[in-house]
Amino acid sequence: MDIRRLTDRLGGLAFGGDYNPEQWDEQVWKQDDELMRRARVNLTTVGVFSWALLEPEEGRYDFDWLDAHLDRLHANGVAVDLATPTASPPPWFTLAHPDALPVRPDGTRLTHGSRDTYCLTAPAYRRAARRIAGALAERYGNHPALALWHVHNEYVTLCLCDHTAAAFRVWLRARHGSLDALNEAWGTAFWSQHYTVWEQILPPRATQWHKNPGQALDFSRFWSDETLAAYLEQRDAIRVRSDRPVTTNLMLPGYQNLDLWAFGREVDLVAIDHYPGAPGVDAAAHAAFDADRARSIAAGAPWLLMEQGTSTVYAGGRVLAKEPGEILRHSLAHIARGSEGALFFQWRQSRAGAEQWHSAMVPHAGPDSRTFREVTATGEAVARLGELAGSTVRAEVAVLHDSDAWWAMRVDGLPSSELDYLAALRRAHRAVWDAGLTADFAHPEHDLSRYRLVLAPALFLLTDTGAENLRRYVAAGGTLLVQYFSGMVDERLHTRLGGYPAAPLREALGIRVEEYRPLRQDEQLTLSDGSTAGSWSESLRTEGAETLAAYTHGMLAGSPALTRHDFGSGYGWYLSTRLDDTGYAALVGRLLTEAGVAPELPGLPPGVEAVARHAPDGRRWLLLLNHRDDVVPLPRPGHDLLTDGPLRELPPGGCAVLRAH
C-alpha cells in the first residue's frame with residue numbers, strides 16, 4: 001500500500017491518538033472537538049476496547065453510538081483509524097464460551113475481568129472475531145471519516161489449552177510431515193521423549209525441569225503463525241468490504257511472540273507501540289531502537305507510531321513522567337526514523353478503570369496543564385512537517401535480528417542466564433546510536449550488500465542459508481562483526497559439530513571455536529589491548545584470522561579474544577567475550593571508521609541526534625534532537641521548518657528540522 005494514500009487524506013503527517021468517547025458525555029465531546037482542533041489532531045483510533053458496546057449480545061449489534069461519533073469526528077476534520085475490538089471479548093462471550101479463556105503453562109485457566117482474556121486458537125473466539133470485523137467493515141467500509149483499519153490490539157497473549165494443543169499438532173504435521181521427522185528434530189531419544197502417536201504431543205506446559213528445546217522453539221514458531229492467521233482472517237473480512245489500508249499495532253520492546261518480518265509482509269502499513277523502559281537519554285535511545293526496528297520491518301518504507309505514552313516512562317516498577325520537552329523530542333525521534341506521524345494512547349485520561357493512571361494527551365488536570373500545552377506544541381510542530389510525508393531513511397549499518405534466534409535463546413538449559421537476546425540487540429544498536437548514526441535491522445538471510453557494516457550480536461541459531469549469506473557478504477567487500485555464542489545451532493536447535501560457528505561463517509571469520517567458557521558472576525578479564533571484559537569467554541584458534549586482542553590469564557592466556565580476517569574483499573571480525581561498555585563502544589567506533597560510515601552531520605557532540613529523511617525527488621531533511629542540557633552550536637546553519645527561520649544552534653533539549661542540500 002502506498003502510504004501517501006493515508007498522508008494525502010490527512011493533509012500531512014498523522015497526529016492524534018486513541019479516542020474512547022464512550023467513556024464520556026456530550027459536554028466532554030464538545031470540548032474534545034475544540035481541543036482536537038487546538039492540538040491539530042487529524043487522526044484518532046476508535047473502538048479498540050468497545051466490543052461489549054458494539055455487540056451487547058451475540059449477533060446483535062448497536063452501531064448507532066459509533067455512527068454519531070464517526071460523523072462528529074469527520075465534521076470536525078478528524079479522520080478515523082477504526083479498530084476491531086477483538087483484544088477484549090465482552091462478558092457474555094466468555095460466559096457462553098468458557099473454553100475460549102486462556103490457560104497458563106501451569107494449567108490455570110484465567111477468568112474474565114481484564115483485557116486480552118481470550119484464547120487465540122479457540123474456534124468460538126475466531127468465529128466471533130471474524131464476525132465483528134466483517135460487521136464493522138460492512139457498516140463503515142466506505143465511511144468518509146475512515147482512513148485506516150486497525151485489527152485487534154497488541155497481539156501478545158499466549159494460551160496453552162487443549163484447543164492450542166490440537167492446533168499445535170496440526171501445525172507440526174504440516175512442518176515435519178511425520179513423527180519420525182519430528183522425533184529427529186526434537187532429539188526425543190534423550191530423556192525417553194520418543195512420540196509414537198500425534199496425540200501424545202502437547203504444548204510446552206509446566207513440567208518437572210527443562211522443557212524440550214525443540215518443542216519450545218517450534219511452539220514459538222507455531223504461535224506466531226497462528227497469530228498471523230488470526231490477523232489475516234480479520235484483514236480479509238475487512239478487505240472484501242473496504243478499500244482502506246489495514247494494519248495492527250505491533251508491541252516491539254520485550255514481547256517477542258511474533259515473527260515481525262512475517263507480519264511486516266502482510267500489513268498494509270507497519271504500525272508500532274512504543275513505551276520507553278528507562279528515563280533520560282536512555283529513553284531517547286529506546287525510541288531510536290524501536291523506530292529503526294519498525295522501519296526495517298517495513299522494508300525501509302514509511303511506517304506509523306500508533307501509540308506512545310504522552311508522559312509515561314516505565315522504570316523499575318515505577319511509572320515516571322516525561323521531562324519538559326520530551327513529548328516533542330520522542331515524537332520527532334520516531335518521525336526522524338521514518339514514521340508518518342505520532343499518535344498517543346490516549347486522547348483523554350480515563351477517570352475510572354484499570355488504566356485511569358495511564359497518561360494521556362488531555363490529563364486529569366484538563367487543558368490548562370503542562371502536558372496539554374506540550375501536546376499542542378507537538379501537534380503544531382508535526383503539522384509543519386507535511387512535506388516530509390513519503391520520504392525514507394537510509395542506513396549504512398545493519399544489526400542482525402532473527403525471531404528464531406531470539407526464541408532459541410529463551411529455551412531452557414543454556415550455559416548462562418546472562419545470554420539475553422534483547423539486551424545484546426539493544427547494546428549493538430546503542431553503540432551505533434551513540435556514534436551518531438542510524439542503523440537498520442536485517443535478517444541473516446536478507447540481501448546485505450547495501451550495508452558497509454553488519455553487526456551480529458546474538459546469532460545463537462543460524463541456518464545454513466544464513467551462514468552462507470554472511471560468508472558471501474564478507475567476500476563481496478562487507479565488514480561483519482560476529483559476537484560470542486553465535487552460529488552454535490541450526491534451525492532445529494541441533495548443535496554444530498566439529499567446532500563453532502556454522503562452517504560457512506567460520507570460513508569468513510577465519511576462526512574455530514572449540515570450547516565455550518562462561519565466567520563466574522562478577523569475574524572480570526583484562527585483554528592484551530588493555531580493554532576489560534566479563535560474563536563470557538571462549539577457547540578458539542585462528543584459521544587465517546589475525547589476533548587483535550588476547551586473553552591474559554588462566555587457561556586462555558595468550559588465546560585470541562578479538563580477531564579479524566581478510567576474506568575476499570571484506571573483513572570478518574569475531575569477538576569471543578563481552579567487552580565493557582567503553583571497550584565495546586570503542587570497537588564499534590573503530591569498525592564504523594574503517595568501514596567509512598560517517599554521521600549525517602559530523603561535529604555534533606554525544607547526545608545530539610542527526611537523522612536524514614530522503615524524498616524520491618532528491619529533497620532531503622535533517623532532523624536534529626538535542627538530549628543535552630547545554631546549547632549546541634551547529635557545524636553549519638540551516639532553515640528550520642519548526643520555526644520557519646534560520647538556525648545556528650540548538651537550545652538545551654531543543655529540536656529542529658532543516659532542509660538539507
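User: How many disulfides does the structure hold?
Analyst: This is a predicted model in which local features need pLDDT of at least 70 and side-chain atom pairs count only at pLDDT 80 or more, while totals for chains, interfaces and linings use all residues. Residues are numbered from 1 along each chain as its sequence is written, and side-chain values use heavy atoms, with hydrogens and water left out. With a disulfide taken as a pair of cysteine sulfur atoms within 2.5 Å, the number held by the structure is zero.

User: Why is Cys 159 not bonded to the closest cysteine sulfur, and how far away is that sulfur?
Analyst: Cys 159 is buried (under 20% relative accessible area, with exposed meaning over 50% and partly exposed in between, for a 1.4 Å probe and protein chains only), its own value being 0%. The closest cysteine sulfur belongs to Cys 119 and is too far for a bond, because the separation is 3.3 Å.

User: Which cysteine sulfur is nearest to that of Cys 161?
Analyst: Cys 161 also counts as buried, at 3% relative accessibility. Cys 161 takes part in no disulfide, and the nearest cysteine sulfur, 3.5 Å away, is that of Cys 119.

User: Which strand gives the largest share of the lining of the second largest cavity?
Analyst: The lining consists of Arg 337, Trp 433, Gly 436, Leu 437, Thr 438, Glu 609, Ala 610 and Val 611. Three residues of this lining, the largest share, come from one strand (a DSSP run of E, at least two residues, numbered from the N terminus), namely residues 608-614, strand β24.

Technical notes
1 Å grid on protein atoms, 1.4 Å probe; cavity = no way out; pocket = protein on both sides within 12 Å on 5 of 7 lines; lining within 4 Å. Helix = DSSP H or I, 4+ residues; strand = E, 2+ residues; numbered from the N terminus.
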